[in-house]
Amino acid sequence: MIVVAGEALIDLVPQGRGALAPLQPALGGGPYNTAVALGRLGSPTAFCSRTSYDAFGEALLDGLRRAGVDVSAVQRGTEPTTLAAATIDEHGSASYSFYVEGTADRLFTAPARLPEGTRAVSFGTCSLVLEPGASAYEELMRSAASQGVFTALDPNIRAGLIPDPDAYRARFKSWLPSVSLLKLSAEDAAWLGGSPREWLASGPAAVVVTHGGDGITAYTGEGAEYSVPGVRVGVVDTIGAGDTVNAALLHGLAARDALSPAAMASLGADGWAELLGFAARAAAITCSRAGAEPPYASELAGS
């Protein structure tokens, strides 16, 4: 079982370019997209979050169930669902405005235990920024790591939600001893102001950096560096692409029985090339369609 912990929200996806394009509601949130992608790829997956009883909250849970994701660990509340309004630029890249005050996912509390059979827990995005839920997710991350559970972190920076960047950067560094796999975009890395080698020295067994259409690079604690090129595709938008990479990495590691630092260290050049290539192909499919629509296993058959 791979557990994904974090927010579920509604993306308001523009049906065109520019700030005043019509908006279409879509299921989203970085952790939510990761859970759906894992489910579609066929990994046993559970979602750990807090969602609203409103219509959006019900739709989010229905989307998880359709992907085969276990929702028994999801907490519920009467507060509204978080909204994220996207704007797409001329290159298909998305920027976001968030409506988060008084929403259900912010009131998440750390569960007493993880679902039975948990092999890995994935964290990231808004859930690690917005209090009081951020402290609860942090507590869960540290607890899981202390029990020897594989932990993955995708910070997925949304700068507009972070009132004190320096405080967040310090907090990010404090998480690294509890992280097995750190995955982030080149833009996230630049904003955080560190380097893969610095982060590896603090705890993670591997750091994976995405470079958009230019590919993906993995850095390991043994000093190795592995890269694959991006997969060329007609880009509709990039919503959910990084989340798809995150899910593909976890799915691929699980398939190789490599959800541990020691097992990741034994992947070698061929293993990393296969894993990163699979993630790049999965992300390309997501980029080829509107909104966060990660691929199913059948679309990556043979990859």
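In this predicted model, the axes of helix 7 (residues 241-255) and helix 9 come within 8 Å of each other and cross at roughly 145 degrees. The crossing of these two helices is right-handed. On the side of helix 7, the contact is formed by Ala241, Thr244, Val245, Ala248, Leu249, His251, Gly252 and Leu253, which meet Leu275, Leu276, Phe278, Ala279, Ala282, Ala283, Thr286 and Cys287 of helix 9. By residue class, the contact of helix 7 with helix 9 comprises twelve nonpolar and four polar residues, with no charged residue taking part.

Leu249 belongs to helix 7 and illustrates how this helix is placed. Leu249 counts as buried because its relative accessibility is 0%, the cut-off for burial being under 20%. Apart from neighbours within four places in sequence, Leu249 is in contact with Leu275, Leu276 and Ala279, and also with Leu181, Lys183 and Val208. Of these partners, Leu275, Leu276 and Ala279 are among the helix 9 residues that meet helix 7, whereas Leu181 and Lys183 fall within strand 11 (residues 181-185) and Val208 lies in strand 12. The C-alpha atom of Leu249 is separated by 24 Å from that of Ala134, a residue 115 positions away along the chain.

The strands contacted by Leu249 form part of an open sheet. This sheet has eight strands in the order 4-1-9-10-11-12-13-14, and its pairing is mixed. Its edges are strand 4 (45-48) and strand 14 (225-228), each of which pairs on one side only. From one strand to the next, the twist averages 15 degrees.

Within the sheet, strand 12 (residues 206-210) is mostly covered, with five of its five residues buried. Ala206, Val208 and Thr210 point one way from the strand, while Val207 and Val209 point the other way. Strand 12 runs parallel to strand 11, to which five bridges join it; in this pairing, Leu182 has Val207 as its bridge partner. Five bridges also join strand 12 to strand 13 (residues 216-220), but here the two strands run antiparallel. Thr210 of strand 12 is the bridge partner of Ile216 in strand 13. The hairpin made by strands 12 and 13 has five residues between the strands, and Gly212 in this hairpin takes a positive phi near 60 degrees.

The nonpolar interior was examined next. The largest nonpolar core contains 54 residues, and those with the most contacts inside it are Phe47, Leu64, Leu181, Leu253, Trp272 and Leu276. Helix 9 (residues 268-287) supplies the largest share of this core, namely nine residues. Two of the residues with the most contacts in the core, Leu253 and Leu276, also take part in the contact between helix 7 and helix 9. Leu64, again leaving aside neighbours within four places in sequence, is in contact with Tyr32, Ala35, Val36, Phe47, Val69 and Val71. A second, separate core has 40 residues, including Cys48, Phe98, Leu114 and Met141.

Note on methods. Residues numbered from 1 in each chain as written. Predicted model: local features only at pLDDT ≥ 70, side-chain atom pairs only at ≥ 80, totals over all residues. Heavy atoms only, no water. Buried < 20%, exposed > 50% of the residue type's maximum accessible area, 1.4 Å probe, protein only. Helix = DSSP H or I, 4+ residues; strand = E, 2+ residues; numbered from the N terminus. Pairing = 2+ DSSP bridges. Core = buried A, V, L, I, M, F, W, Y, C linked by side-chain atoms within 4.5 Å. Contact = heavy atoms within 4.5 Å. Axes fitted to C-alpha atoms, helices over the stretch in contact; angles between N-to-C directions. Left-handed = near helix turned anticlockwise from the far one by under 90°. Nonpolar A, V, L, I, M, F, W, Y, C, P; charged D, E, K, R; others polar.
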